[in-house]
Every structure is written in structure tokens, then in C-alpha cells.
Amino acid sequence: MKLNVNGHDHDVDVAPDMPLLWVIRDVLNMTGTKFGCGMAQCGACTVHLNGAPVRSCVTPASAANGAKVTTIEGLSTNGDHVVQKAWAELDVVQCGYCQSGQIMSAVALLASNKKPSDADIDAAMSGNICRCGTYQRVRAAIHRAAELGEVKA
């Protein structure tokens with residue numbers, strides 16, 4: 001199966017029903033995307049599939065065959081994507097475990113809505129759970145990223 005991850009083509013020999021998360025982490029050795037609940041309930045495994053956020057723990061690898069996959073590693077080569085800058089500026093992260101999924105969901109939101117309201121943010125981010133409770137800082141960082149510039153997924 002042929003996967004395009006972060007702009008690079010990869011030929012992977014995996015079962016079509018293998019979760020995309022395991023292909024990303026275990027086959028391609030990109031560990032920025034996290035395993036959380038394994039049931040698409042927490043959002044820690046969020047990646048973009050053709051620009052749309054998906055839960056990679058329940059997305060079969062076959063769904064990504066020929067598609068464009070973007071992981072947290074693919075947002076920028078040095079962590080300077082506008083959303084990552086906002087996250088750092090506002091010290092969003094506590095334990096950090098959920099943050100790659102939070103950032104991927106935020107990027108998808110800002111790519112489709114340049115100036116989201118609090119309600120827009122709450123709706124878009126409702127599937128991303130943070131056990132540290134950083135929700136207020138996540139919301140503030142999304143507003144800050146919207147101020148900093150255009151976001152592309």
C-alpha cells in the first residue's frame with residue numbers, strides 16, 4: 001500500500017485494517033501522534049487525512065492509501081507552525097500527552113474558519129480530551145494563532 005505522509009511517499013506492507021496510528025508510529029517511526037483511548041474518544045491520535053482531522057486509532061490504513069496524511073511532524077520542520085507558536089507563547093502544555101492531537105484539531109479548525117468564536121472552538125475541540133484541563137489555554141492559543149496569521153492544514 002502506498003501512503004503519502006507529510007509529503008513523502010511510503011510503500012508499506014501492512015494489513016489493510018491495521019489502524020493508521022500503528023502504521024505511523026510503528027512502521028514509519030513517527031511518534032508525535034499519540035495513542036490515547038483506542039476508541040476515537042480522546043483525540044490524542046488526531047492526524048489529517050486530505051486536510052480533515054481523523055482519529056488515526058480507528059482509521060484503517062487502507063483509508064489512507066493514495067491519500068495525503070499529515071501528522072504533527074508534518075506541520076513544520078522546526079515547530080514554527082503558527083499554531084505551535086501560539087501554543088508555546090501561551091504555555092498551553094502541561095503534561096503534553098494530548099497536545100499533538102489538540103494542535104492537529106486546532107489547525108483543521110483554523111484552516112476552515114479564520115476567526116472562530118469561543119463556541120466554534122468549543123465545538124471543534126470537544127473531541128479532544130486533556131486530563132490536565134488546559135482547555136482555557138487551548139482556546140486562548142487558538143485565538144492567538146488566528147491573530148498571528150493564516151493557517152493551512
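Helices here are DSSP runs of H or I with at least four residues, numbered from the N terminus. With that in hand, Gln102 can be placed in helix 4. Please keep in mind that this is a predicted model. The briefing below starts from helix 4 and its core, moves on to helix 6, and ends with the N-terminal hairpin and an aromatic pair.

**Helix 4: one buried and one exposed residue**

- Gln102 of helix 4 counts as buried because its relative accessibility is 1%, and the cut-off for buried is under 20%.
- Setting aside neighbours within four places in sequence, the contacts of Gln102 are Trp87, Met125, Asn128, Ile129, Cys130 and Val138.
- Ser112 also belongs to helix 4, but Ser112 is exposed, at a relative accessible area of 64%.
- Between Ser112 and Ala52 there are 9.8 Å in space, C-alpha to C-alpha, although the two are 60 residues apart in sequence.

**The nonpolar cores**

- The largest nonpolar core has 21 residues, and those touching the most other members are Val83, Trp87, Ile103, Leu110 and Ile142.
- Two or more residues of this core come from each of helix 2 (72-75), helix 3 (82-89), helix 4 (99-112), helix 5 (118-125) and helix 6 (135-148).
- Helix 4 is the element that gives the most, contributing 6 residues to this core.
- Leaving out neighbours within four places in sequence, Ile103 has contacts with Ile72, Leu75, Val83, Gln84 and Trp87.
- Another core lies apart from the one just described; this other core has 16 residues, including Val14, Val47, Leu49 and Val69.

**Helix 6: a buried side and an exposed face**

- Helix 6 consists of 14 residues and spans 20 Å from first C-alpha to last, close to the 20 Å expected at 1.5 Å a residue.
- Its buried residues include Val138, Arg139, Ala141, Ile142, Ala145 and Ala146.
- These residues sit on the same side of helix 6, because the arc they cover around the axis is only 160 degrees.
- As helical background, an α-helix has 3.6 residues a turn, so residues three or four places apart point the same way.
- Helix 3, helix 4 and helix 5 are among the elements covering the buried residues of helix 6.
- Gln136 and Glu147 are exposed residues on the face of helix 6 that is turned away from the buried side.
- Gly149, just after helix 6, has a positive phi of about 160 degrees.

**The N-terminal hairpin**

- Strand 1 (residues 2-5) and strand 2 (residues 8-11) run antiparallel and are joined by 4 bridges.
- One of the residues with a bridge partner is Asn4, which is matched with Asp9 in strand 2.
- The two strands form a hairpin with 2 residues between them, and Asn6 in the turn takes a positive phi of about 55 degrees.

**The aromatic pair**

- The count of aromatic pairs comes to 1.
- This pair is tilted, because the ring planes of Trp22 and Phe35 stand at 35 degrees, with the ring centres 5.2 Å apart; a tilted pair falls between the cut-offs of 30 degrees for stacked and 60 for edge-to-face.
- Distant parts of the chain are linked by this pair: Trp22 is in helix 1 (residues 20-27), while Phe35, 13 residues apart from Trp22, is in the loop between helix 1 and strand 3 (46-49).
- Trp22 is partly exposed, with a relative accessible area of 28%, and Phe35 is partly exposed too, at 33%.

Methods
Residues numbered from 1 in each chain as written. Predicted model: local features only at pLDDT ≥ 70, side-chain atom pairs only at ≥ 80, totals over all residues. Heavy atoms only, no water. Phe/Tyr/Trp six-rings, centres within 6.5 Å; stacked < 30°, edge-to-face > 60°. Buried < 20%, exposed > 50% of the residue type's maximum accessible area, 1.4 Å probe, protein only. Core = buried A, V, L, I, M, F, W, Y, C linked by side-chain atoms within 4.5 Å. Contact = heavy atoms within 4.5 Å. Pairing = 2+ DSSP bridges. Expected span 1.5 Å × (residues − 1). Arc of directions from axis to C-beta.
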